[in-house]
Amino acid sequence: MKKFLYLLFWLLAAFPAQAQLKDYIHIYDVDLQEQIPYLWRVHEDFKKDTALYDRKYDYRWRIPTVFNSDFRQKIKTFGSVEKRFNNPDEDAILQDLKRMPKAFYPYIGPMLHNMRGLSGKILDLPGIKETKNKFPDKIASRLQNIPNIEFVSPELYIYLSPQFWGEDMNTLEFPKELMEQEESLPNIRINPEFIRHVTSKVNISDFYPGATPKAPSLGLRHFVADKNTPLSGADVQAFLNTFDGLEKFRKTKDNELKLIMIDSIINYWDEKNGIDRQVSFLKGVVNPCQTIVRKIKWSSLRSQFQDAVGGEGFGPDDWAYTCDKVMKAYRVLTMKQAHIVTINALRKGYPYTQLDKLDFTEEERQRQRYFLEASLHLYDSTPEDVAAVRPFYRQITDKLLGIDYLYVGTPFIMP
């Protein structure tokens, strides 16, 4: 969460308040009625498209005595190229170095010189070139008396920097374009009309110290739920009652392994059908429960899952929609004040037209757009849903802690 807030505040500081919120509202939807393809065909395509090396044979006992001419020529060419391994992250590393204060170069440069496949455009950068095989001249004061610390791995040098320990922060100089800010965010003021409206709906004396808590009304149970069905307390209680069945389902045979393994196949299928890889991942963050049920259907485990949740009157789809609404309302209840201010600023569209001002590639810009929009849809809840979930806040927290927020490879919420 700290990384999330840091990134949002950084973006808001960099962008003026001129943009309009773009509509990505349906991009993170999960289609639970999709036509599932023949998995054996998807598996075959997946293996071909993700293979690192084509052996030209299927099994060891079918190794041919003579390779075909095309394959032989490729092997000969590959073996004659001196620099044949290129680091795929090189461009991203270069962009990050340009945005980074040069004070960090002595702590990162030695690690870069040990990475395979980096070219001179990174290793010969001023400030990076001079750090090859060199221990940093200055480390945090609390670490200076540790014996033989100079033999620590270069991958750990960044943890030796004074700035990592809160020292010498005033020596950091960020690139100018990151520090430019045309217009600051507006002041957040309390609306008296809003306060009057709240006090007219809520009896303040119910919240005085020592007040006797009122038993919540569970309301009606919605047995046929969809994405738009409002939550009641009875729905939330029924969802919580499914956790024992969920745990039993997870531990049955190799169900958990199947559902974790199917992730890569589904992501491959989505990308093959025009869905961006990051969008495919963010669907699981925004709508985790629908993502879980989608994996269950792909793995032919629907009937087993029905047995796990059916005792509370759920079908797989009903459970997924109810669960996601509970999670979104729970996220709203866990928000801190700084987080609320940031999300409200995003809803007003501050960051969206000024991405060109930063030294981003177009791919990086699009990733930022996806991330920002997904961060808004994490909290797509209603006051009614939040009110239904509020009395169960502690129970939900205990249930999520009990499974470490994670179920069959998909996080219910990001801890």
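In this predicted model, Ser300 counts as exposed, at 62% relative accessibility, and its place is the loop between H13 and H14. The phi of Ser300 is near 60°, a positive value in a residue other than glycine. Most residues other than glycine have a negative phi. A second residue with a positive phi is Asn133, for which the angle is near 55° although the residue is not a glycine. Asn133 lies in the loop between H6 and H7, and with a relative accessibility of 71% it counts as exposed, because the cut-off for that class is over 50%.

Further residues of the loop between H6 and H7 can be described through their surroundings. Lys129 is located in this loop, which runs between helix H6 (120-123) and helix H7 (176-179), and, when residues up to four places away in sequence are not counted, Lys129 touches His113, Leu123 and Asp124. Lys129 is separated from Tyr105 by 24 residues in sequence, while their C-alpha atoms are 9.6 Å apart in space. Thr171 also belongs to the loop between H6 and H7, where its relative accessibility of 42% makes it partly exposed. Between Thr171 and Lys102 the separation in sequence is 69 residues, and the distance in space is 9.9 Å from C-alpha to C-alpha.

For the protein as a whole, 19 helices and two strands were assigned, and 39% of the 415 residues count as buried. About 25,900 Å² of the protein is exposed, and carbon and sulfur atoms supply 55% of this area. Among the contacts with a separation of 6 or more, 76% are accounted for by residues 24 or more positions apart.

In soluble globular proteins, nonpolar side chains tend to be buried together. In the present model, the largest nonpolar core has 40 residues, and those with the most contacts inside it are Val236, Trp319, Met327, Ile396 and Phe412. At least two residues of this core come from each of helix H9 (233-241), H10, H13, H14, helix H15 (316-334), helix H18 (383-389) and helix H19 (393-402), and H15 gives the most, with eight residues. Apart from this core lies another, of 14 residues, which includes Val285, Leu346, Tyr370 and Leu376.

Helix H15 itself has 19 residues and reaches 27 Å from its first C-alpha to its last, close to the 27 Å expected at 1.5 Å a residue. Of these 19 residues, 16 are buried, and H15 is therefore largely enclosed by the rest of the structure. Two of the residues in contact with Phe412, once its neighbours within four places in sequence are left aside, are Trp319 and Met327, and the contacts of Phe412 also include Pro288, Ile292, Leu400 and Tyr407. Trp319 is also in contact with Thr242, which, leaving aside neighbours within four places in sequence, contacts Val309, Glu312 and Phe314 as well. Thr242 lies in the loop between H9 and H10 and is buried, with a relative accessible area of 1%.

The structure holds one disulfide, which joins Cys289 to Cys323 with an S to S distance of 1.9 Å. The link of Cys289 and Cys323 is left-handed, with -45° about the S-S bond. Because Cys289 lies in helix H13 and Cys323 in helix H15, the pair ties together parts that are 34 residues apart in sequence. Cys289 is buried, with a relative accessible area of 0%, and Cys323 is likewise buried, at 0%. Both cysteines are in contact with Phe412.

Helix H11 (residues 255-272) has 18 residues, and the 26 Å that it reaches from its first C-alpha to its last is close to the 26 Å expected at 1.5 Å a residue, although H11 bends by about 30° at Asp263. The buried residues of H11 are Asn255, Leu259, Ile262, Ile265, Ile266, Tyr268 and Asp270. An α-helix has 3.6 residues a turn, so residues three or four places apart point the same way. The cover over the buried residues of H11 includes helix H2 (39-50), helix H10 (243-251), helix H12 (277-286), helix H13 (288-298) and helix H14 (302-309). H11 is followed by Gly274, which has a positive phi, near 90°.

Key
Residues are numbered from 1 along each chain as its sequence is written. This is a predicted model: local features need pLDDT of at least 70, side-chain atom pairs count only at pLDDT 80 or more; totals for chains, interfaces and linings use all residues. Side-chain values use heavy atoms; hydrogens and water are left out. Helices (H or I, at least four residues) and strands (E, at least two) are DSSP runs, numbered from the N terminus. The expected span of a helix is 1.5 Å times one less than its number of residues. The bend at a residue is the angle between axes fitted to the seven residues ending there and the seven starting there. Buried means under 20% relative accessible area, exposed over 50%, partly exposed in between (1.4 Å probe, protein chains only). Contact means heavy atoms within 4.5 Å. A nonpolar core is a set of buried Ala, Val, Leu, Ile, Met, Phe, Trp, Tyr and Cys residues joined through side-chain atoms within 4.5 Å. Accessible areas come from the Shrake-Rupley method with a 1.4 Å probe; for residues, only the protein chains shown count as cover. A disulfide is a pair of cysteine sulfur atoms within 2.5 Å.
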